[in-house]
Amino acid sequence: MEDRRARWQTAPLPRVTDPDPERYRSHRSGGRRRGSRWHWLLWLPVIIALFPAIFNRAEPTLMGLPFYYWGQLAFALLCAVLTAVVHLATKGR
Amino acid sequence: MGDLLGNLDGHEVQLAIFGFCFLLVTVMGFAAGRWRPTQDVHTLEEWGLGGRAFGNWATFFLLSGDVYTAYTFVAVPTLVYGVGAAGFFPVSFLVIVYPIVFVVLSRFWSVSHVHGFVTPAEFVRARFGSRALALAVAITGILATMPYIALQLVGLEAVFKVLGLPPGWPLTIAFVVLALYTFNSGLRAPALISIVKDTLVLWTVLAILLVVFTRDGGWASVIKTAGARFAETPSQSDGLLLPGSGQLNYVTLALGSALALFLYPHTMTAALAARNRSTLRRNLAVMPLYTLTLGVVMLAGFAALLDGVTPIGGDRNTVVPLWFDKAFPDWAAGLAFAAIGVGAMVPAAIMSIAAANLFTRDIYKEYIRPDATPRQETQVSKFASLTVKFGAVLVILVLDTQFAIDLQLIGGVFVMQTLPAVALGLYTNWFHRWALIGGWILGLLTGLVMLYQVPQIGGADGRTVLREHFGGSAWPLSHLGFDTTATIYVGVVALAANILVAAVLTPVLRGLGVPDGVDRTDPRDYVADEGDARVKRMTEILDGTPPQAAEYVPLPGTEPTGSRPTLGQRWPTTSARRQR
């Protein structure tokens, strides 16, 4: 056990050269990709879901369903669309 | 189909179809072991993460199997049936969860692939350099997962009750079979049978829509009846819309459930099995669509009210299966029951694998046999998954269902307490390791005490106290002296206490000179993707090279200044590592 742990700690560390160092250079905080501004869009569904005042109403109804029910399902749809937009916009960066 | 099965009575038809689906799933479960096999199946990466090579479809089915479980499909419509609007919170919770996991889980995927982590606890050990903290995360994860597996049985049991099967042996057989093919095929089994589950769920949703739409009045009459029913009851907490006093609990419950969901080890397991970052993110973007199916099943709770379904023996979980039995043709009801049945198997398999991985990597390998070979690791994990599943069956058969539900309630609050270490840890290593442990302990205690204080209220007038303690997760604010009937979700308060303590203790411990752990990760590990130089190291990890942080040559202008670690950033130097 001791032997193994010692090996773990003294093994030479592989040096990795980043294939595209430019993409990190602009961010001092490190570990962030460019295009992360798109991620602000993701707050929209979260904020809507956290304020029931927005959807806690009966009107307008859709096929007999109060807004409370179909509205929240519509927000789930919106959530999918926004996440997909962010995914496509940030892909490959 | 009706003619074909003409000689059988209703329940026999349902049972025949249910049995057929069960058999199909069993065959697929065993065959899954041969699905895209690799040369060496005796590594934990293979058995416990499907070789980390799942593409789009497999990842989708795995994630959907994780999130939309049998218990969700049984218990949530029951809530809607019981209280109306307040029971609809899972839709809000699922709206919140995907944007969060989309961002957070991709970071977790990247760092795990660079370092070869299989569990969140391994990440915590490397991030904060603390074995104790990792053990805390592992134990919390295992404890929270076990009752969750038991709850899947509750869903299955409800279906068996409606089918008229006796309690006990059918449940045991179903789980023994599940345990065997999980043992054999690992994470590939749930991924493959989840295809059957999703097909059946989709069918069930269509059937619900068809049944309601072809009726006189459609949804309008369903909603009208439900509204009238809620108006009759003296309880203030039910209704077609949220009552003012229920809003705080609704929001905190949705937020808390969202945070708990992605901290559950099985969610992480499914995410780690994705082949690359893009696959994971693409699937998480599509996943909210699945919420629509859950929404429809929840509305079936209202339809059950209209049809005057009364639960068998007071077991409210039978409401939805009973409604299927009543409103669907027998063969269609059989398919719907199979959807719930297979829907119980998929998450139970993933959860038991996740718990087993935690045990193997963070307890067995860390404390019992550090020199275990990958083959031994896999064996241990396989047996741990068996143990976990039999434990769940025992809880349901020997103890009782209510006990499992109580434990699950506590488990959800507990697993949230790993958020500062696991989720915030993905962004910053600012927290001191002992401060995180302090916060974790206080969070657990706060959660437990608050849950103890929650009474279960019900009865004919809606005000009788049925049970004094552990009656739910909605903590009455009147405990604080406010004159209100409003309640708040326990987990969120416990988590706030946890984070507060961790944030206060961190500067205190640093001031006292208590050493920080060494962070073996690097900021760039968190955005790595398949094809990056760093993730290529996966082959080395699979070959048995001990995981270690790769060394970087920091780019000019990115080195931190000063000796103190700054928020979200620490560059361990080679010399610092060697000193350890």
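**Figure 1. Contacts and helices of chain A in the predicted model.** In this predicted model, 56% of the contacts in chain A with a separation of 6 or more are accounted for by residues 24 or more positions apart. Chain A has four helices and zero strands, and the pattern read along its sequence is α-α-α-α. Of its 93 residues, 24% count as buried.

**Figure 2. The two spans of chain A that UniProt annotates as "transmembrane region".** The unreviewed UniProt entry places this feature at residues 38-55 and 67-89 of chain A. Residues 38-55 of chain A are 44% helix and 0% strand, and the end C-alpha atoms of this span lie 25 Å apart. Residues 67-89 of chain A are 100% helix and 0% strand, with 31 Å between the end C-alpha atoms.

**Figure 3. Pro66(A) in a loop of chain A.** Pro66(A) is placed in the loop between α3 (43-50) and α4 (67-90) of chain A. Pro66(A) counts as buried because 21 other C-beta atoms lie within 10 Å, and a residue is buried at 20 or more. Neighbours within four places in sequence aside, the contacts of Pro66(A) are Ala58(A) and Thr61(A) in chain A, and Ile223(B), Leu240(B) and Leu241(B) in chain B. Pro66(A) and Asn56(A) are ten residues apart along the chain, and their C-alpha atoms are separated by 9.3 Å.

**Figure 4. Helix α13 of chain B and its surroundings.** Helix α13 of chain B spans residues 277-286 and is mostly covered, with eight of its ten residues buried. The buried residues of α13(B) are Arg277(B), Thr279(B), Leu280(B), Arg281(B), Arg282(B), Asn283(B), Leu284(B) and Ala285(B). The cover over these residues includes α4 of chain A. It also includes three helices of chain B, namely α3 (56-67), α5 (89-115) and α12 (265-272).

**Figure 5. The largest nonpolar core.** This core has 217 residues. Those with the most contacts inside it are Ala150(B), Leu153(B), Ala254(B), Leu263(B), Trp323(B), Ala336(B) and Val342(B). Helix α16 (residues 330-368) of chain B gives the most to this core, contributing 22 residues. Residues up to four places away in sequence are not counted in the list of contacts for Ala254(B), which touches Ala49(A) in chain A as well as Phe89(B), Ser92(B), Phe93(B) and Ile96(B) in chain B.

**Figure 6. Tyr364(B) in helix α16 of chain B.** Tyr364(B) has 19 other C-beta atoms within 10 Å and is therefore partly exposed, since a residue is buried only at 20 or more. Apart from neighbours within four places in sequence, Tyr364(B) is in contact with Phe359(B), Arg369(B), Ala372(B) and Val380(B). From C-alpha to C-alpha, Tyr364(B) and Glu377(B) are 8.3 Å apart in space, although they are 13 residues apart in sequence.

**Figure 7. Confidence of the prediction.** For the complex, the predictor gives an ipTM of 0.79 and a pTM of 0.83. The mean pLDDT of chain B is 82, and 88% of its residues reach 70 or more. Over residues 536-580 of chain B, pLDDT stays under 50. The model nevertheless has 66 contacts beyond four places in sequence for these residues. Where pLDDT is low, predicted coordinates should not be read in detail.

Definitions and conventions:
Residues numbered from 1 in each chain as written. Chains lettered and ligands numbered in written order. Predicted model: local features only at pLDDT ≥ 70, side-chain atom pairs only at ≥ 80, totals over all residues. UniProt positions renumbered as here; feature names shortened; annotations may be inferred. Helix = DSSP H or I, 4+ residues; strand = E, 2+ residues; numbered from the N terminus. Core = buried A, V, L, I, M, F, W, Y, C linked by C-beta atoms within 7 Å. Buried ≥ 20, exposed ≤ 12 C-beta atoms within 10 Å, placed from the backbone. Contact = placed C-beta atoms within 7 Å. pLDDT = per-residue confidence, 0-100.
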